[in-house]
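Hi there,

Thanks for offering to take this one over. The sequence and the structure are just below, and after them come my notes on what turned up.

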Amino acid sequence: MPFLLAVGLALGALPAPAQQRADYPIQAVPFTKVKLTDAFWQPRLKTNTTITIPASFQRCEATNRVKNFEMAAAKSGKFATTFPFDDTDIYKTLEGASYSLSLYPDKELAAYLDVLIDKVAKAQEPDGYLYTARTIDPAHPHPWAGAQRWEKERELSHELYNAGHLYEAAVAHYQATGKKTLLNIALKNADLVCSVFGPGKRVVAPGHEIVEMALVKLYRVTGKPEYLQTAKFFLEARGQYKGYDPKSPDVWRNGQYWQDDKPVVAQKEAEGHAVRAEYLYSAMADVAALTGDRQLLAAVDTIWQNMVSKKFYVTGGTGAVPGGERFGQNYELPNATAYNETCASVAHIYWNQRMFQLHGDSKYADIMEKVLYNGLLSGVGLDGKSFFYSNAMQIKNSASFPQTEPARVGWFECSCCPTNLARLFPSLPGYVYGQNGKDIYVNLFVSGSADLAVNNKAVRLTQTNNYPWSGDLKFTVEHAATSDFNLLVRIPGWARGQAMPSDLYTFATPSAAKVTIKVNGKPVSYALQHGYAVLARKWKKNDVVEVSLPMEVRTVQAHPNVPDNVGKVALQRGPVVYCAEWTDNEGKASNIIVPVGTAFTAVEKPEVLNGITQLTASVPVVKVDPATNTISTVRQTLTAIPYYAWANRGKGEMTVWFPQQVTDVDLVTRRAVEATHAK
């Protein structure tokens with residue numbers, strides 16, 4: 001169905017949820033319909049359930065986040081945490097726990113959620129307002145909150161941000177359990193929000209976006225048009241505030257930090273606080289899909305292209321600048337000061353999933369895969385209870401940057417990232433497949449089964465693989481009440497010679513390796529449509545599709561406009577980006593050189609870091625004699641591990657980008673070289 005036909009209904013005529021209405025052309029197959037057996041992701045999801053979520057709830061209790069709700073219910077006490085958005089750590093963990101209950105039913109966890117939801121309900125004011133930073137003591141609210149409701153929403157209060165995470169948790173809880181206890185709380189609050197904000201009422205561009213995409217979720221559940229209308233209203237409120245100084249280079253003064261310097265339909269670049277931005281862009285995609293707004297669609301497409309072409313790290317991280325956790329200028333992708341907030345990776349998954357649903361192009365799933373296996377996964381330790389807030393691109397013994405984290409910690413005063421991961425991981429099954437009528441899209445290669453319906457007839461599809469370590473993928477039609485469907489298997493860009501769907505990163509050398517596909521053991525030719533191999537045939541039970549992706553070690557180069565990476569390469573095998581860590585490389589990583597033509601060996605290491613494929617190569621390394629300030633170059637075995645697995649064995653050097661010759665080694669070594677030459 002053409003996009004505009006699919007989304008062309010007007011807002012004023014939105015039907016009830018049971019009737020057909022405008023929406024994304026491609027729908028995600030719900031997480032409740034996908035069961036994972038995957039050797040890579042299943043243990044991580046289990047760890048999230050047994051360790052991450054319980055630890056998150058325990059820390060919410062220990063840090064008084066739960067107490068804030070209890071005091072709000074009693075209308076007595078003093079707000080006991082640091083930030084007015086601390087309420088969201090409970091909401092996000094509730095969301096993750098709800099998804100988790102669908103994967104791993106747990107009566108004890110379900111009972112705990114019921115108790116916690118009751119505490120949230122009791123903290124809610126009679127008209128639906130829910131914000132403990134004010135309700136505990138309305139006469140002395142949090143300094144960021146303002147004397148009256150909503151008056152500082154544009155910048156500091158996070159009242160609507162809290163509401164958005166409440167709605168997201170409520171929908172997940174309802175979908176996973178069928179209970180409406182949390183959903184009723186969310187709907188009561190949303191009705192209040194819709195009564196306060198809108199045409200002829202209060203106008204604000206929410207300071208920290210998420211309420212927009214969350215209102216869309218409530219609209220999907222209820223069909224209530226006010227929720228979609230208010231989401232659209234919040235988008236259109238951007239660029240209207242007259243108090244900014246458009247001539248100021250300061251992103252707070254000119255409004256860019258909040259993506260509020262111009263109307264969203266006039267924005268061309270990814271800007272400002274990265275998490276806020278990517279939540280905003282997710283909502284823009286939602287509203288464009290549901291209303292057919294061509295300007296909104298054009299804007300979000302343009303912003304995505306800017307991001308993927310000029311503001312994206314090779315590991316999938318976004319938000320390069322520590323000051324404001326924000327996007328920098330085009331090609332501003334430094335290694336020494338890279339920020340890459342973990343929450344931004346979570347938001348990036350949401351955004352790219354929506355872009356795929358809009359356009360059906362594999363490039364969005366390529367980006368989603370890169371983020372999942374690299375920049376997002378690095379945010380949590382193998383123990384499931386230690387985290388990175390930011391995700392470094394290099395750690396050096398010789399120099400440090402105050403906001404660069406060389407080691408994970410269990411919790412943060414602003415602990416948005418651990419709780420965001422707690423909710424993202426168990427929702428992973430919902431990102432594996434998409435469907436548009438007879439077209440079934442395979443986006444992620446994750447072992448397990450999916451129960452789908454094509455023309456109201458059941459189809460069960462099973463994946464079996466050892467991804468991301470092996471490129472051999474197997475898909476079995478286990479059950480098909482109909483034979484009339486098309487299987488569209490994503491052929492990743494990296495398997496087609498494309499490091500990125502832009503020229504920001506390219507493979508240093510071409511490859512002759514090809515992707516092959518067999519059906520029932522026989523090689524088949526296939527058409528490639530928007531990056532998907534289209535397999536159209538009359539399917540029957542036990543039909544088997546085998547896809548072989550070339551798993552070569554590739555060296556990646558950055559665009560020459562990225563100054564930090566001139567003369568350097570990164571390492572990638574399949575979707576996984578690699579790094580060198582001190583513990584495998586004689587105590588250092590900043591002195592390693594990877595010349596053109598270096599040959600790598602990939603070795604399975606089931607005993608290392610919970611099981612990885614490790615890369616090794618003989619390379620030159622630079623040694624500096626501090627006594628004489630002289631250098632020498634010696635051969636050494638480079639051992640590289642997946643980037644996501646670094647910092648699980650203590651503190652030390654790490655690097656993602658490797659110089660290709662001696663003169664491009666790190667600054668300290670370069671100074672030694674220069675001093676030697678000067679003599």
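At roughly what angle do the axes of helix H13 and H14 cross, and within what distance do they come? Before the answer, please keep in mind that this is a predicted model.

**Helix pairs**

The crossing angle of H13 (residues 342-359) and H14 is roughly 165 degrees, and their axes come within 8 Å. Angles over 145 degrees count as roughly antiparallel, and H13 and H14 are therefore roughly antiparallel to each other. The crossing in which H13 passes H14 is left-handed. On the H13 side, the contact is made by Ser 345, Val 346, His 348, Ile 349, Asn 352, Gln 353, Met 355, Phe 356 and His 359. Facing them from H14 are Tyr 364, Ile 367, Met 368, Val 371, Leu 372, Gly 375 and Leu 376. If you sort the residues of this H13 and H14 contact by class, you get 10 nonpolar, six polar and no charged ones.

A second pair to look at is helix H4 (residues 87-103) with helix H15 (residues 416-424), whose axes are 7 Å apart and pack at an angle of about 20 degrees. That angle makes H4 roughly parallel to H15. Here too you will find a left-handed crossing, as H4 passes H15. H4 brings Asp 89, Lys 92, Thr 93, Glu 95, Gly 96 and Tyr 99 to the contact, while H15 brings Cys 416, Thr 419, Asn 420, Ala 422 and Arg 423. The class count for the contact of H4 with H15 is three nonpolar, four polar and four charged residues.

The third pair is H3 with helix H5 (residues 107-123): their axes cross at roughly 45 degrees and come within 7 Å. H3 and H5 are therefore oblique to each other, and their crossing is left-handed. Val 66, Phe 69, Glu 70, Ala 72 and Ala 73 of H3 meet Leu 116, Lys 119, Val 120, Lys 122 and Ala 123 of H5. In this contact of H3 with H5 there are seven nonpolar residues, three charged and no polar ones.

**Cavities**

Next, the enclosed spaces. How many cavities of 30 Å³ or more does the count come to? The count is four.

The largest cavity has a volume of about 120 Å³. Which helix gives the largest share of its lining? That is H14 (residues 362-376), with four residues, so you will be meeting a helix from the first pair again. Among the residues that line the largest cavity are Asp 366, Ile 367, Glu 369, Lys 370, Trp 494, Met 500 and Gln 572. Ile 367 is also part of the contact of H14 with H13. By class, the lining of the largest cavity divides into six nonpolar, three polar and three charged residues.

The second largest cavity has a volume of about 50 Å³. Its lining is made up of Trp 494, Ala 495, Phe 507, Pro 550, Glu 552, Arg 554, Gln 572 and Gly 574. Trp 494 and Gln 572 appear in the linings of both cavities. Four nonpolar, two polar and two charged residues make up the lining of the second largest cavity.

**A pocket**

The second largest pocket has a volume of about 400 Å³. It is lined by 24 residues, and those closest to its centre are Phe 40, Pro 43, Arg 44, Asn 610 and Tyr 644. Helix H2 (41-62), strand S19 (601-605) and strand S20 (612-625) each give two or more residues to this lining. H2 gives the most, with five residues. The lining of the second largest pocket holds 12 nonpolar, nine polar and three charged residues.

**Two backbone details**

Where does Asn 64 lie? You will find Asn 64 in the loop between H2 and helix H3 (65-74). Asn 64 is not a glycine, yet its phi is positive, at about 75 degrees.

The other detail is the peptide bond from Tyr 467 to Pro 468, which is cis, with omega near 10 degrees. Pro 468 is in the loop between strand S7 (457-465) and strand S8 (472-480).

Enjoy looking around, and write back whenever you like.

Best wishes

Conventions:
Residues are numbered from 1 along each chain as its sequence is written. This is a predicted model: local features need pLDDT of at least 70, side-chain atom pairs count only at pLDDT 80 or more; totals for chains, interfaces and linings use all residues. Side-chain values use heavy atoms; hydrogens and water are left out. Axes are lines fitted to C-alpha atoms, for helices over the stretch in contact, and angles run from 0 to 180 degrees between N-to-C directions. Angles under 35 degrees count as roughly parallel, over 145 as roughly antiparallel, 65 to 115 as roughly perpendicular and the rest as oblique. A crossing is left-handed if the near helix is turned anticlockwise from the far one by less than a right angle, and right-handed if clockwise. Contact means heavy atoms within 4.5 Å. Ala, Val, Leu, Ile, Met, Phe, Trp, Tyr, Cys and Pro count as nonpolar, Asp, Glu, Lys and Arg as charged, and the others, Gly among them, as polar. On a 1 Å grid over the protein atoms alone, a cavity is a set of points where a 1.4 Å probe fits but cannot get out, and a pocket is an open set with protein on both sides within 12 Å along at least five of seven lines; lining residues have an atom within 4 Å of a point. Grid points are joined across faces, edges and corners, and a volume is the space filled by probe spheres set on the points.
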